[in-house]
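Me: I'd like a close look at one part of this protein rather than a tour of everything. Could you pick up the part I ask about below and then show how it sits in the rest?

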Amino acid sequence: MSASKVVELDSVESILQAHLPENELLAVERILYGKPLLSLELPEKALSLAGENNFDIAGYKFTALQEELRSPRIVRVAAVQNKIVLPTSDPIEKQRDAIHNKIKLIVEVAAQCGVNILCLQEAWTMPFAFCTREKHPWCQFAESAERGPTTQFIKQLCKNFNMVIISPILERDETHGDILWNTAVLINNRGNYMGKTRKNHIPRVGDFNESTYYYEGNTGHRVFQTDFGKVAVNICYGRHHPQNWLMYGVNGAEIVFNPSATVGGLSEPLWGIEARNAAIANSYFTVAINRVGTENFPNEFTSGDGKAAHKSFGHFYGSSYIAAPDGSRTKGLSRIKDGIIIAEMDLNLCRQVKDHWGFQTNLLPLPFFQPNLHTPQPLL
């Protein structure tokens, strides 16, 4: 069957639900996802807006044991996956503004659901054009992490909704020779710039030709203290490196976001394993986010795998999910639709799992076990 005729599955979960009796489905889901999670009740208005605008919405609760000396540390976290809106041949500003408008609505829905921290997908303001190796026009999507139009847009949303937002963009480093970086910008819930962190590992595989545009980041493994918990961002390809996940944990992260852009033919069998395994090994929550849809480009490009020239990367399979340090995880979002997944979590679970399994005990003799919490840059 040719690629143009392939009908993508909505999700593994929908297939299981359609074909398994209820008692068998519950048993299979326990094996696949760990202990059953409670559903998070979401406002009817939010559900209606999601339905009217054709994006999925799902909510889950991760619980922890009640403690005598610590109060619960409840935070609501969200991940957004989305398709681009306009054809890749449209003017740059129109493409970006159309995605801004889509995300504004989804963030408003998140606010209605009481979300405290929200993360967008990798390079969310643009098509994932790094397969093409073309500099023009794609480099025009790059913008300042501190002062660019997307940061200004996100600042206003954060201020309006008392929400921390992680905004992964293609960064134009105007201070250092106008070079490019793959960067996540963090804006706090008062609308102030907290800082940025850059992609640590760059793929050079198949169609992923990202080193044509930017190299490995120079910001290390930053952890940011927000009003709602300590967060870190492990961008895309960094999820393949256990040591990368480890260092965010060493530096004190309680939630690590993994905004990504990856296609089914390359990585889908790994997707449900890596972020979940990181949550288990490092006793923190992980949020795995993947873009969704198929993006076609004006000009053909070749692959590092010897394929014939083509105009599409392949299908970005979404399937965003959230995992807990005890190994439990949510179901994934759709493989074919925009969506937002929301989880209410008690961060006390991180320490409780450390006490239960004792994985971190083996780190104590290591000389690098010196937590390094990133100090926010001056507010702009």
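What follows is my request and one connected reply.

Me: Take strand 13, please: is it buried or exposed, which strand is joined to it by six bridges, and what lies around it?

Reply: Sure. Keep in mind that this is a predicted model.

Let's start with the strand itself. Strand 13 covers residues 285-290, and six of its six residues are buried, so the rest of the structure largely encloses it. In a regular strand, side chains alternate between the two faces of the sheet. You can follow that here: Phe285, Val287 and Ile289 point one way, Thr286, Ala288 and Asn290 point the other way, and all of them are buried. So both sets of side chains are under cover, since every one of these residues counts as buried.

Now the run-up to the strand. The loop between helix 7 (264-282) and strand 13 holds Ser283. Its phi is worth a glance: near 55 degrees, a positive value in a residue other than glycine. Ser283 is also out of reach of the probe for the most part, because a relative accessibility of 1% makes it count as buried.

Next, the partner. Strand 12 (residues 255-260) runs parallel to strand 13, and six bridges join the two. If you want a register to hold on to, Val256 stands opposite Thr286 in strand 13. Strand 12 is mostly covered as well, with six of its six residues buried. Ile255, Phe257 and Pro259 point one way from strand 12, while Val256, Asn258 and Ser260 point the other way, and all are buried.

You can carry on one strand further. Strand 11 (residues 229-233) is joined to strand 12 by three bridges, again in parallel. Here Ala232 stands opposite Val256 in strand 12. That makes Val256 a handy marker when you step through the model: Ala232 is opposite it in strand 11, and Thr286 is opposite it in strand 13.

What about contacts from a helix? Helix 8 (residues 348-357) has Asn348, Leu349, Cys350, Gln352 and Val353 as its buried residues. The cover over those residues includes strand 13 and strand 17 (339-346). After helix 8 comes Gly358, with a positive phi near 70 degrees.

Strand 17 is a useful link to another region, since it belongs to an open sheet of eight strands in the order 1-2-17-3-4-5-6-7, with mixed pairing. The edges of that sheet are strand 1 (38-39) and strand 7 (193-198), each of which pairs on one side only. Within the sheet, strand 3 (residues 74-81) and strand 4 (residues 117-119) run parallel, and three bridges join them. Ala79 stands opposite Cys119 in strand 4.

A few backbone spots elsewhere are good to have on your list if you scan torsions. His136 and Pro137 are joined by a cis peptide bond, with omega about 10 degrees. Pro137 sits in the loop between strand 4 and helix 5 (149-161). Ser319, in the loop between strand 15 (310-317) and strand 16 (321-323), has a positive phi near 65 degrees, in a residue other than glycine. With 13% relative accessibility, Ser319 counts as buried.

For contrast with all that covered material, look at Glu44 in helix 3 (residues 44-52). It counts as exposed, at 57% relative accessibility. Glu44 and Cys113 are 69 residues apart in sequence, yet their C-alpha atoms are 9.7 Å apart in space.

Finally, zoom out. The protein has eight helices and 18 strands. Its radius of gyration is 20 Å, close to the 21 Å from the globule rule for 380 residues, so it is as compact as a globular protein of that length. Along the principal axes, the C-alpha atoms fill a box of roughly 60 × 55 × 45 Å. Of the 380 residues, 54% count as buried, and strand 13 contributes six of its six. Among contacts with a separation of 6 or more, 71% are between residues 24 or more positions apart. The exposed area is about 16500 Å², with 53% of it supplied by carbon and sulfur atoms. On the charge side, there are 37 positive and 39 negative side chains, and the centres of the two sets lie 3 Å apart.

Technical notes: Residues are numbered from 1 along each chain as its sequence is written. This is a predicted model: local features need pLDDT of at least 70, side-chain atom pairs count only at pLDDT 80 or more; totals for chains, interfaces and linings use all residues. Side-chain values use heavy atoms; hydrogens and water are left out. Two strands pair if DSSP finds at least two bridges between them. Helices (H or I, at least four residues) and strands (E, at least two) are DSSP runs, numbered from the N terminus. The radius of gyration is taken over C-alpha atoms; the globule rule is 2.2 Å times the number of residues to the power 0.38. Buried means under 20% relative accessible area, exposed over 50%, partly exposed in between (1.4 Å probe, protein chains only). Contact means heavy atoms within 4.5 Å. Accessible areas come from the Shrake-Rupley method with a 1.4 Å probe; for residues, only the protein chains shown count as cover. Lys and Arg count as positive and Asp and Glu as negative; His and the chain ends are not counted. The place of a charge is taken as NZ of Lys, CZ of Arg, CG of Asp or CD of Glu.
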